[in-house]
Amino acid sequence: MTDSNRLDMNSWLSSIVESSEDPIFSKTLEGTIQSWNMAATLMFGYTAEEIIGKNISVITPDELEAEETSIIEQIKRGARILHYETFRLKKDGTKLAVVLSISPIRDKFTRIVGASVIARDQLIQVESEKKKAMLAAIIDSSVDAIISKTLNGIITSWNHGAETILGYTEKDAIGQHITMLIPEDRKQEEEEIISRIRRGERVEHFETIRKRKDGTLIHASITVSPIVLNGKIIGASKILRDISDRIEYKSQLQEQTKKLEELNQSKDQFIGIASHELKTPLTSIKAYLQLLERTVTDSKHKLYVSKTLLFVGKLEELVSDLLDVSKIQAGRLQLNIRECSIREIVENAVESVQHTTSTHQIMITGNGEDNRIKADQNRVEQVIINFLTNAIKYSPLSDRVEVSYWRDELNVLVKVRDFGIGIPEENTEKIFQRFYRVESTSPHISGLGIGLFISCQIIKRHQGEIWVKSVPGKGSEFYFSLPLK
């Protein structure tokens with residue numbers, strides 16, 4: 001090597017020492033400090049100008065002078081001292097726990113002329129080791145499989161969770177290619193994942209199939225992240241969770257849901273068929289009873305016939321409601337839309353219900369302003385009649401029901417108010433569901449819980465809204481709105 005090359009090499013080595021993050025300094029065999037890098041200044045507080053030429057005793061506690069002598073004796077024999085834990089002094093006099101690595105320095109004749117020292121803050125190193133140990137413990141105790149691999153797919157780490165889930169031991173897995181876990185028909189997934197990792201992307205909660213050592217397949221949720229060292233992506237870490245139980249439960253739930261839907265369809269078909277079959281004989285029974293009512297002269301018998309007709313009428317209403325439910329469920333509820341008067345609709349409904357009750361006075365309140373709307377008049381009357389009959393039924397201690405109607409900028413609104421038992425707040429959201437009844441407040445009142453469901457469906461088919469406000473013990477207000485246009 002020429003002098004010029006040797007000079008360049010010395011400059012290069014000097015640059016490496018100066019830029020090192022670890023404190024590096026050198027001393028003669030007599031203990032005189034010969035060199036001192038910037039990291040040493042940051043650790044001990046002395047600049048190079050302050051300390052070069054001084055004895056190492058400047059940073060050695062008095063009680064450890066014998067230790068320094070022992071170190072020099074070992075260096076003279078050509079020994080290296082690695083990871084030596086001790087204490088040294090900072091410029092301000094504070095004692096610092098350090099780990100020293102000390103090597104002999106030889107001249108061109110290979111004679112030992114001094115020692116180079118690399119120092120590390122022991123507390124920082126201990127904390128770093130603790131963190132590493134903690135992370136290692138967390139990874140190893142995880143129930144999920146945590147695996148790392150190179151960008152070429154070679155497995156480099158394998159935790160206990162991976163062994164439990166996938167069946168391979170650490171010895172089996174490390175050094176093998178990750179494709180040993182991937183079924184043949186999913187090999188292309190690995191290429192796609194690695195491609196994304198190379199771009200610095202994460203792959204989160206990717207659901208797929210993986211293969212165990214015994215050949216069985218499991219459903220897995222995988223999250224893959226890049227491993228970055230000094231700003232460069234060198235591999236990938238993978239967290240794999242066995243979700244076979246969840247997938248199986250989901251499948252069972254879907255199967256049960258399908259069966260429930262089939263049962264519901266069968267039930268709706270039965271209701272539709274039964275209601276239709278009941279309607280014909282009921283019509284005949286009603287006709288014969290009406291004929292009988294005209295011919296019977298005995299007042300007692302006439303009363304029996306009229307009572308029977310009343311119950312037949314109720315049965316007819318029930319069958320009609322069941323038919324409506326069947327039509328709604330099948331999407332066959334027909335609306336006869338035409339222009340009609342909201343005042344006429346309200347008055348017809350009130351008149352119809354008032355004839356059937358002697359316990360309540362139905363009062364139409366408000367300004368009574370008439371508005372023309374496009375709607376199925378009979379169906380909207382059906383909704384108001386349902387509101388009114390419920391209001392009477394659920395206010396046995398009251399003697400009046402109020403009906404009001406008005407308009408805003410876009411809608412006609414109708415309200416039916418009673419002064420009865422009311423509805424608990426937690427039930428108001430469910431009140432329009434099919435077959436729902438508030439048993440806690442009205443166990444003695446009969447009904448199937450389909451009237452409000454039908455009313456809700458009729459209003460929604462009109463592009464309107466339906467809702468209720470209620471206070472237990474004070475009564476309820478049922479509303480609906482229909483668009484003016």
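**Exercise 1. Is Ser221 buried or exposed?** Then place Ser221 in its strand and list its contacts.

*Solution.*
Step 1. Ser221 is buried, with a relative accessible area of 12%. Buried means under 20% relative accessible area, exposed means over 50%, and partly exposed lies in between (1.4 Å probe, protein chains only).

This is a predicted model: local features need pLDDT of at least 70, side-chain atom pairs count only at pLDDT 80 or more, and totals for chains, interfaces and linings use all residues. Residues are numbered from 1 along each chain as its sequence is written, and side-chain values use heavy atoms, with hydrogens and water left out.

Step 2. Ser221 sits in strand β9 (residues 217-229). Helices (H or I, at least four residues) and strands (E, at least two) are DSSP runs, numbered from the N terminus.

Step 3. Set aside residues up to four places away in sequence. Ser221 then touches His205, Phe206, Glu207, Ile239, Leu240, Arg241 and Ile243. Contact means heavy atoms within 4.5 Å.

Step 4. Take Glu207 from that list. Ser221 and Glu207 are 14 residues apart in sequence, yet 4.4 Å apart in space, C-alpha to C-alpha.

**Exercise 2. Describe strand β6 and its two partners.**

*Solution.*
Step 1. Strand β6 covers residues 145-150. 5 of its 6 residues are buried, so β6 is largely enclosed by the rest of the structure.

Step 2. β6 pairs with strand β10 (residues 232-242) in the antiparallel sense, over 6 bridges. Two strands pair if DSSP finds at least two bridges between them. Lys149 stands opposite Ala236 in β10.

Step 3. β6 also pairs with strand β7 (residues 155-158), again antiparallel, over 3 bridges. Here Lys149 stands opposite Ile155 in β7.

Step 4. β6 and β7 form a hairpin with 4 residues between them. Gly153 in the turn has a positive phi of about 90°.

**Exercise 3. Map the sheet that contains β1.**

*Solution.*
Step 1. Write the strand order. This open sheet of 5 strands runs β2-β1-β5-β4-β3, with antiparallel pairing.

Step 2. Find the edges. They are β2 (33-36) and β3 (81-89), and each pairs on one side only.

Step 3. Add the twist. Neighbouring strands are turned by 30° against each other on average, direction ignored. Axes are lines fitted to C-alpha atoms, for helices over the stretch in contact, and angles run from 0 to 180 degrees between N-to-C directions.

Step 4. Check one pair. β1 (residues 24-28) and β5 (residues 112-121) pair in the antiparallel sense over 5 bridges. Phe25 stands opposite Val117 in β5.

Step 5. Place the helix. α4 (residues 65-76) lies across β1, β3, β4 (95-106) and β5. It runs at about 150° to β3.

**Exercise 4. Map the sheet that contains β12, with its helices.**

*Solution.*
Step 1. This open sheet of 5 strands has the order β12-β14-β15-β17-β16, with mixed pairing.

Step 2. β12 (361-365) and β16 (465-471) stand at the edges. Each has a single partner strand, so one side of each is left without a neighbour in the sheet. The twist averages 15° from one strand to the next.

Step 3. β15 (residues 411-417) and β17 (residues 475-483) pair in the antiparallel sense over 7 bridges. Lys415 stands opposite Tyr479 in β17.

Step 4. Helix α11 (residues 342-354) lies across β12, β14 (400-407) and β15, at about 170° to β12. Helix α12 (residues 377-393) packs on the sheet, touching β12, β14, β15, β16 and β17. The direction of α12 makes about 175° with that of β17.

**Exercise 5. Which residues of the largest nonpolar core touch the most other members?**

*Solution.*
Step 1. A nonpolar core is a set of buried Ala, Val, Leu, Ile, Met, Phe, Trp, Tyr and Cys residues joined through side-chain atoms within 4.5 Å.

Step 2. The largest has 39 residues. Ile373, Ile384, Phe387, Leu388, Phe432 and Phe480 touch the most other members.

Step 3. α12 gives the most to this core, with 7 residues.

Step 4. Look at Ile384. Leaving aside neighbours within four places in sequence, Ile384 is in contact with Ile345, Val346, Ala349, Val414 and Phe480.

**Exercise 6. Describe the surroundings of Ser341.**

*Solution.*
Step 1. Ser341 is found in strand β11 (residues 338-341). Ser341 is buried, with a relative accessible area of 4%.

Step 2. The side chain of Ser341 reaches the backbone nitrogen of Arg343 at 3.2 Å. That side chain also reaches the backbone nitrogen of Glu344, at 3.1 Å.

Step 3. Not counting residues up to four places away in sequence, Ser341 touches Asp370, Asn371 and Arg372.

Conventions:
Polar contact = N/O pair within 3.5 Å; in protein donor to acceptor, adjacent residues only side chain to side chain.
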